[in-house]
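Got your viewer open? Here is a short tour, stop by stop, with something to select at each one.

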Amino acid sequence: MTAVSSWAIPTVIGLIVMWGWVSGINVFDSFLNGARTGIGVAFKIIPALVALITAVGVFKASGALDLLTHSLAPLTKLFGIPAEVVPLALLRPISGSGAMVIFNDLLTRFGPDSLVGRIASVMQGSTETTFYTIAVYYGATSIRRIRHTVSASVTADLTGFIMSAICVRMFFYM
């Protein structure tokens, strides 16, 4: 298996070069054009990413995350989501790395086989960094009107959060 994975990328690159040679395409010029376009896209995305990362940092440092977590506790308790997992649910749609820090902390404090650890694990795997993804993809394509993207994505995230708690309780505690 290791030999296959070691040779997979060189084989694909070799096939692309051979395909270009057979088709009469200048592969090196095509590569340079693609790299030039990729760098342009990266520079278009940077302002949106800086704004998002700054907003997440301000949100956490100001204590707003803790305040929101505490105020949502009665509602999350209704759905069986432990209060310890709420910061993960709040940060996950905004920042993948911020959510990963909270996730690692939850696993360290409660363990991966605890209720909190299991719900956090399913939540991490079944939700998306929605606002980060929207900022990157829409920023790269210069789309200004996102229409129903945010409402549909947040609805999907909410469903993922609630179903994480329900499914873990059903599969492990019934």
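Before we start clicking, one yardstick: a residue is called buried under 20% relative accessible area, exposed over 50%, and partly exposed in between (1.4 Å probe, protein chains only). What you have loaded is a predicted model, where local features need pLDDT of at least 70 and side-chain atom pairs count only at pLDDT 80 or more, while totals for chains, interfaces and linings use all residues. Residues are numbered from 1 along each chain as its sequence is written, and side-chain values use heavy atoms, with hydrogens and water left out.

**The whole chain**

Show everything as a cartoon. You'll find eight helices and zero strands; helices (H or I, at least four residues) and strands (E, at least two) are DSSP runs, numbered from the N terminus. The C-alpha atoms fill a box of roughly 65 × 45 × 30 Å along the principal axes. The radius of gyration of the chain is 21 Å, whereas a compact globule of 174 residues would have one near 16 Å (taken over C-alpha atoms; the globule rule is 2.2 Å times the number of residues to the power 0.38). Of the 174 residues, 28% count as buried.

**The core**

Next, select I81, V85, L88, I102, L106, I119 and M123: these have the most contacts inside the largest nonpolar core, which has 20 residues. Such a core is a set of buried Ala, Val, Leu, Ile, Met, Phe, Trp, Tyr and Cys residues joined through side-chain atoms within 4.5 Å. Color α4, α5 (96–110), α6 and α8, since each supplies at least two residues of this core. The largest share, five residues, comes from α4.

Now zoom in on L106. Not counting residues up to four places away in sequence, L106 touches E84, V85, L88, G111, V116 and A120 (contact means heavy atoms within 4.5 Å).

**Into α7**

Where does T129 sit? Look in the loop between α6 (115–126) and α7 (130–140). T129 counts as buried because its relative accessibility is 9%. Leaving aside neighbours within four places in sequence, T129 is in contact with R92, P93, S95 and G96.

Step along into α7 and select T130, I134, A135, V136 and A140, which are buried. Among what covers the buried residues of α7 are α2 (27–61) and α8.

**Two unusual phi angles**

Most residues other than glycine have a negative phi. Select S142, just after α7, and you'll see a positive phi of about 60 degrees. S142 lies in the loop between α7 and α8, and with a relative accessible area of 36% it is partly exposed.

Is R147 buried or exposed? At 67% relative accessibility, R147 counts as exposed. R147 is also in the loop between α7 and α8, and has a positive phi of about 50 degrees although it is not a glycine.

**Last stop: the pocket**

Finish at the largest pocket, which holds about 310 Å³ of space. Of the 15 residues lining this pocket, L72, A89, L90, L158 and F161 are the closest to its centre. On a 1 Å grid over the protein atoms alone, a pocket is an open set of points where a 1.4 Å probe fits, with protein on both sides within 12 Å along at least five of seven lines; lining residues have an atom within 4 Å of a point. Grid points are joined across faces, edges and corners, and the volume is the space filled by probe spheres set on the points. Color α8 once more: α8 gives the most to the lining, with five residues.
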